[in-house]
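Biologist: Hi! I'm new to this one, could you walk me through it?

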Amino acid sequence: MKRLASLATVFLFSALLHAQAPAAAPAKQRPAAAPIPSYEQLKYPPLGEVRIPAVATHTMPNGARVFLLENRELPLISGFVLVRTGNLFDPPEKTGLAQLTGMVLRTGGTRERSGDELDQQLEDIAATVESSIGETSGSISFNSLKENIGEVLEVVNGLLRAPEFRQDKLDLAKTQLRGLIARRNDDASSITSREFAQIVYGRNTPYGRRIEYEHLEAIQRDDLVAFHKRYFFPANVIIALQGDFSAPDMQARLEKLFGSWDARQPGVPPFPEVSAKPAPGIHLAVKEDVTQAFFSLGHVGGQLKDKDYPALEVMNDILGGSFASRLFRRVRTELGYAYNVGSRWGANYNHRGLFRVSGSTKSPSTADALQVIIEEVERIRSGEVSDDELEAARQTVLNSFVFNFDHPGKTLNRLVNYEYHGYPKDFIFQYQKAVAAVTKADILRVARENLRLDDLSIVVVGKPQDFGKPLAALGRPVHPIDLTIPQPKRELAQADAASLERGKQLLAKVQADYGGVEKLAAVRDFSQRSDAVLQAGPGGGLKVRQHSRFVAPAHTRQDQELPFGKISSYFDGKSGWLSTPQGVQPLPAEVARQIEGSLFRFAPIMLLSDRNPDRKVNYAGEGVLEVSDSKGNSVRLVVDESTGRVLRSVYQMAGMGGAPTEVEETYEDWREASGLMLPHKILIRQAGRDFGEIRITETLVNSGLTVEELSKQP
């Protein structure tokens, strides 16, 4: 009733208002609205001239150069220190040294404060300081409130002069990079970009090398210290700041703080030249878990200072640099081969970049999409572009010019980079004028001179059996790409006739303790059930019930019951399958390598290594027996020499994330099982930390297992 009453009241007041309102005057007829113009009729004034704010520059007596840009909009100050260095200076056997130095420079802290203490200090004042080293430069960047800039600059000063490179942070950085190596084949698009750059530049050149596990193993703390000492000195740095300060006052502050830095080194040499030779043909990386093909094709590009760079930028916009480009229109819109496709004329400040057309396509249309792309590259070389294409591309490039200076930080960064790489201060304005002057004849000329069809390197990542037609139909040779990730080579003990003889003698004691050579050699099949707790801790861990089976010579199966489902794997010595709650798939290469390692260490096989000419059994020190083979597998057994009892084993395998890690197994609770003496409790440590515990509940030897039983899929 209340709701009805309130509504009635509303209607009542409405009626009263209408009753009291004067009569409305007759509505005047409105003039007809002007027709909305077509977008083709819209006119825009020319863009205003870009004006760069004044940047104060100064060189300190110690050689450090300073760039200062006042910006009073907010009470903030940011900046960076640019160091002339880069991973192009890495020794080949220690690829990754520059990157590690850049990572640990900040996290390792200074002599006075650890990286964690710096984290807390900077967090308390809402500031940041970060460091990195890339291909052709190193940097320490910082952001701060105006009132705290003095404290932040003190931190930067400490990192420039005396970073500590603490070992625990170096170990952490190595672990992070190992994880990246282990996962580098997860994403097909990333594989395409990586392999394309390495093929075009050359895998054994500074521009084409990549970090492997063995490089990380070789890099030590002293290497980081030496790298820092070589490249971090005043005459090799530029200090740049922008924000709420007076340039003269800031200059005086920097002089006081950094002026006493007197480290000296010989001048840094030029960055190496690109020595790439054409690598024509199709380079195929097989990846079974994708439904598309990812591709890149192209060759070496140019430098920013090339006289034809402006025309090449306009040419590229027409070819594949925008949504209105020829490649996008034909490959995506007209033919529907790809969702994304585009091109880029790569040019760097100090070395040649990469010309690249890249994208992805439905697997059945892989060869057709590549053929159309090649045709479009040839077409832009064969005739002049249209007036409309030229004007649209030229305006696109020119209209993007303003974004080079839409923030003071961008302005400062660009001017510092010109200084760093030896470019004139007005380079960007020279470029702007050159773009405006590009003609159709220029486009045709630079396309013919710079786009080389015979030199095209074509990289494809995908599942070849799903391709509609073979890649060879393109009339170019097809080369396989090996995506195998090389495992680190474990340092083996020196072996000689005496150590090998002692190894043989100690192995005989171990064989006897296990039950004797005859019992070990008689194993034809083996079955073992166990309960495991992985990542055990105060609150418990992941419980796993396992059933492992083996049939000679190399057939093995493992079934695991986990809280989230059952996982089974089978391996016949060459290939196999993996079953998870998501279904059955071919055995992934990394899982196959793990199983191969497990077979290598399987007691009835490993303890007969003295009968295998492909294996070496070496005495590696008091109570240490080292077994290795020609494939790079190795394990160290810690043995009680008086009894032959194996106390521990140490080996490497893929850990969490796929990166190799050291595993240590400790053996306890030895009991007789099916005629063999075996441990029934195994404690596992990974990377120096407790990882899990396994308890054996049943062991059967020569029970009549068959290969058919093991290979039957769930």
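Modeller: Happy to. Two strands pair if DSSP finds at least two bridges between them. Keep in mind that this is a predicted model.

Biologist: Good, so which strands form the six-stranded open sheet, and in what order?
Modeller: The order is β1-β2-β6-β3-β5-β4, and the pairing is mixed. At the edges stand β1 (56–59) and β4 (128–133); each has a single partner strand, so one side of each has no neighbour in the sheet. On average, neighbouring strands here are turned by 15° against each other, direction ignored.

Biologist: How many bridges join β3 to β5?
Modeller: Eight, between residues 76–83 of β3 and residues 138–145 of β5, and the two strands run antiparallel. To pick out one spot, S78 has N143 in β5 as its bridge partner.

Biologist: Which helix lies across β2, β3 and β6?
Modeller: That's α14, residues 408–421. The helix runs at about 165° to β6 (237–243).

Biologist: What about the other open sheet, the one with seven strands: what is its order?
Modeller: β9-β10-β11-β8-β12-β7-β13, again with mixed pairing. Its edge strands are β9 (302–303) and β13 (478–480), which pair on one side only. Further in, β8 (residues 292–300) and β11 (residues 352–362) pair in the antiparallel sense over nine bridges. There, H299 has F355 in β11 as its bridge partner.

Biologist: Changing topic: how many residues of α2 are buried?
Modeller: Eight of the eleven, so this helix (residues 97–107) is mostly covered, with buried meaning under 20% relative accessible area. Among the buried ones are L97, L100, V104 and R106. After α2 comes G109, with a positive phi near 75°.

Biologist: Now aromatics. How many pairs does a search of the whole structure find?
Modeller: 16 aromatic pairs. One of them is F227 with Y231, a tilted pair at 4.8 Å centre to centre with 50° between the planes. The two residues are four apart in helix α8 (residues 221–231), which means about one helical turn separates them.

Biologist: Are F227 and Y231 buried or exposed?
Modeller: F227 counts as buried at 5% relative accessibility, and Y231 counts as buried at 9%. For another pair, look at Y418 and F427: their ring centres are 5.6 Å apart and their planes are at 75°, so the pair is edge-to-face. Both Y418 and F427 are buried.

Biologist: Which residues form an aromatic cluster with F227?
Modeller: F89, Y231 and F271 join F227 in one cluster.

Biologist: And which arginines lie over the face of a tyrosine?
Modeller: R502 lies over Y619, at 4.0 Å from the ring centre. R601 lies over the face of Y651, at 3.6 Å from the ring centre.

Biologist: Last topic, backbone oddities. Where is there a cis peptide bond?
Modeller: From A552 to P553, with omega near 10°. P553 is in the loop between β15 (542–551) and β16 (555–562). Most peptide bonds are trans, and most residues other than glycine have a negative phi.

Biologist: So which residues other than glycine have a positive phi?
Modeller: Among them are A126, with phi near 55°, and S674, at about 55°. A126 is in the loop between α3 (115–124) and β4, and S674 is in the loop between β24 (660–673) and β25 (676–686).

Biologist: How exposed are A126 and S674?
Modeller: A126 is exposed, with a relative accessible area of 60%, whereas S674 is partly exposed, with 38%.

Technical notes: Residues numbered from 1 in each chain as written. Predicted model: local features only at pLDDT ≥ 70, side-chain atom pairs only at ≥ 80, totals over all residues. Heavy atoms only, no water. Axes fitted to C-alpha atoms, helices over the stretch in contact; angles between N-to-C directions. Contact = heavy atoms within 4.5 Å. Buried < 20%, exposed > 50% of the residue type's maximum accessible area, 1.4 Å probe, protein only. Phe/Tyr/Trp six-rings, centres within 6.5 Å; stacked < 30°, edge-to-face > 60°. Lys NZ or Arg CZ within 6 Å of the ring centre and 35° of its normal.
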